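Please look through the sequence and the structure below before reading on, and keep both at hand while following the paragraphs that come after them.

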Amino acid sequence: MNTGLKITTFAVALAATFGTAYGVGQGIGPVVADSPPRHEDEHPGPSPEPAEPGGGHGGHGTPPAGGLQVAEGGYTLDLKTPRVTAGRPFDLRFTVRDAAGRALTAYQREHDKELHLIVASRDLVTYRHLHPTRAADGTWSVPVDLPRAGGYRVFADFTPAKKGAANLTLGADLAASGPYRPQELPAPSARTTVDGYEVELAGALNPGRAGELELKVSRGGRPVTDLQPYLGAYGHLVALRSGDLAYLHVHPNGEPGDGSTRPGPDISFTATAPSAGSYRLFLDFKHDGKVRTAAFTVRAGAAAPATGTPQGHGDGGHGH
């Protein structure tokens, strides 16, 4: 992932609905308790556009989608733990393989890491931004605990060390077994709270057109002006489209030490949505030595939500 205005977008397939219990899993990862999401109305706005062949989306100027495929550009995501049991810690293990089936062991470091891993539930209530460790044989692993049963999507974002290699995002499905009760997407709002911090969102997410999103962090009614760098930035933003989890990883406009970017309270991003629809935004920021995740629901193609009652922050988590 590149700094500044670089945006990686990608779309993934729809999940199936599984009655009152979800699969039969085996497993042996960190957990943050769920918070009850708010309900949205039954018609959350325009439906996502159908994907074009190769994972793209309709509309001129829309960035190509990634993460739809388990294999792309000669590399394959080999997920070793596709089935787990909800509420039981396990080690999520996977390998990235090249076209010859060999494990990839050389990566470019981007934002302080060789590979960034996102795990998100299909209903967008549970979210993890993880940083696994790689063994000498190319196997990646990270402890995870998924508190709720259901379908999840695992995204591996990396760039091979090969000269001229492009950044790739590969996706694979993960099932957590147990009693399953899908949640509705929280209602749109321009304010949310997490661990005593208030975060306000200004701007709009536009389909097929770049727009600026600005997030302001405060605590106890006072602006936070001493945010700490996290993975080389003062904030990281991920947007997931409701329905198919089309995914945007957006980096802030500016970075620590560039002479113009301040450590809060405002964090600015430029993003382009692949289509109209409802999205869940996850902002990671670091203060007082701890990384926190603030979550919002927004609708691309609609006016920005009014500032009102803060949303719950959902179930966010981080890895190292």
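Does Arg122 count as buried or exposed? In this model, which is predicted, Arg122 has a relative accessibility of 15% and therefore counts as buried, since the cut-off for that word is under 20%. Its partner is Asp173, whose side chain meets that of Arg122 in a salt bridge with a distance of 2.5 Å from N to O. Because Asp173 lies in strand S12 and Arg122 in the loop between S7 and strand S8 (126-130), the pair ties together parts of the chain that are 51 residues apart in sequence. Asp173, with a relative accessible area of 44%, is partly exposed, whereas Arg122 is buried.

This salt bridge belongs to a set, for the structure holds eleven of them. As a general point, side chains of opposite charge can pair when their charged atoms come close. Another of these bridges is formed by Lys290 and Asp195, with 3.6 Å between the closest N and O atoms. Here too distant parts of the chain are linked, since Lys290 is in strand S21 (residues 290-300) and Asp195 is in the loop between strand S13 (191-194) and strand S14 (197-203), 95 residues away in sequence. Both partners are partly exposed, Lys290 at 42% relative accessibility and Asp195 at 44%. Salt bridges can also share partners, and in this way Asp78, Lys80 and Arg97 are joined into one network. Within that network, the closest N and O atoms of Asp78 and Lys80 are 2.9 Å apart, and these two residues are partly exposed, Asp78 at 24% relative accessibility and Lys80 with a relative accessible area of 34%.

From charged side chains we can turn to nonpolar ones. In soluble globular proteins, nonpolar side chains tend to be buried together. The largest nonpolar core of this model has 30 residues, and those that touch the most other members are Leu92, Leu115, Leu117, Val119, Leu146, Phe158 and Leu174. At least two residues of this core come from each of strand S4 (75-79), strand S6 (90-97), strand S7 (115-121), strand S10 (139-144), strand S11 (150-158) and strand S12 (168-179). The largest share, five residues, is supplied by S12, the strand in which Asp173 of the salt bridge with Arg122 also lies. To see how one core member is surrounded, follow Leu146, which, apart from its neighbours within four places in sequence, is in contact with Val84, Ala86, Gly87, Phe90, Val119, Tyr152, Leu174 and Ala176. A second core, separate from this one, has 27 residues, among them Tyr197, Leu248, Leu283 and Ala294.

Aromatic residues offer another way to trace how parts of the chain meet. A pair of aromatic rings is described by the distance of the centres and the angle of the planes. The structure holds six aromatic pairs. In one of them, the ring centres of Tyr75 and Phe158 are 6.4 Å apart and the planes stand at 80 degrees, so this pair is edge-to-face. Tyr75 belongs to strand S4 and Phe158 to strand S11, and the pair thus links parts of the chain that are 83 residues apart. Both rings belong to buried residues, with Tyr75 at 13% relative accessibility and Phe158 at 0%. Tyr107 and Trp140 form a further edge-to-face pair, with 5.3 Å from centre to centre and 80 degrees between the planes. This pair connects the loop between S6 and S7, where Tyr107 is found, with strand S10, which holds Trp140, and the two residues are 33 residues apart. Tyr107 has a relative accessible area of 7% and is buried, and Trp140 counts as buried at 2%. Through ring pairs, Tyr75, Phe94, Tyr107, Trp140 and Phe158 are linked into a cluster.

Finally, how much confidence does the predictor place in the model? The mean pLDDT of the chain is 80, and 74% of the residues reach 70 or more. Over residues 1-21, however, pLDDT stays under 50, and the model has 77 contacts beyond four places in sequence for this stretch. Residues 23-61 also stay under 50 in pLDDT, with 101 contacts beyond four places in sequence.

Methods: Residues numbered from 1 in each chain as written. Heavy atoms only, no water. Core = buried A, V, L, I, M, F, W, Y, C linked by side-chain atoms within 4.5 Å. Buried < 20%, exposed > 50% of the residue type's maximum accessible area, 1.4 Å probe, protein only. Helix = DSSP H or I, 4+ residues; strand = E, 2+ residues; numbered from the N terminus. Contact = heavy atoms within 4.5 Å. Phe/Tyr/Trp six-rings, centres within 6.5 Å; stacked < 30°, edge-to-face > 60°. Salt bridge = Lys/Arg side-chain N within 4 Å of Asp/Glu carboxyl O. pLDDT = per-residue confidence, 0-100.
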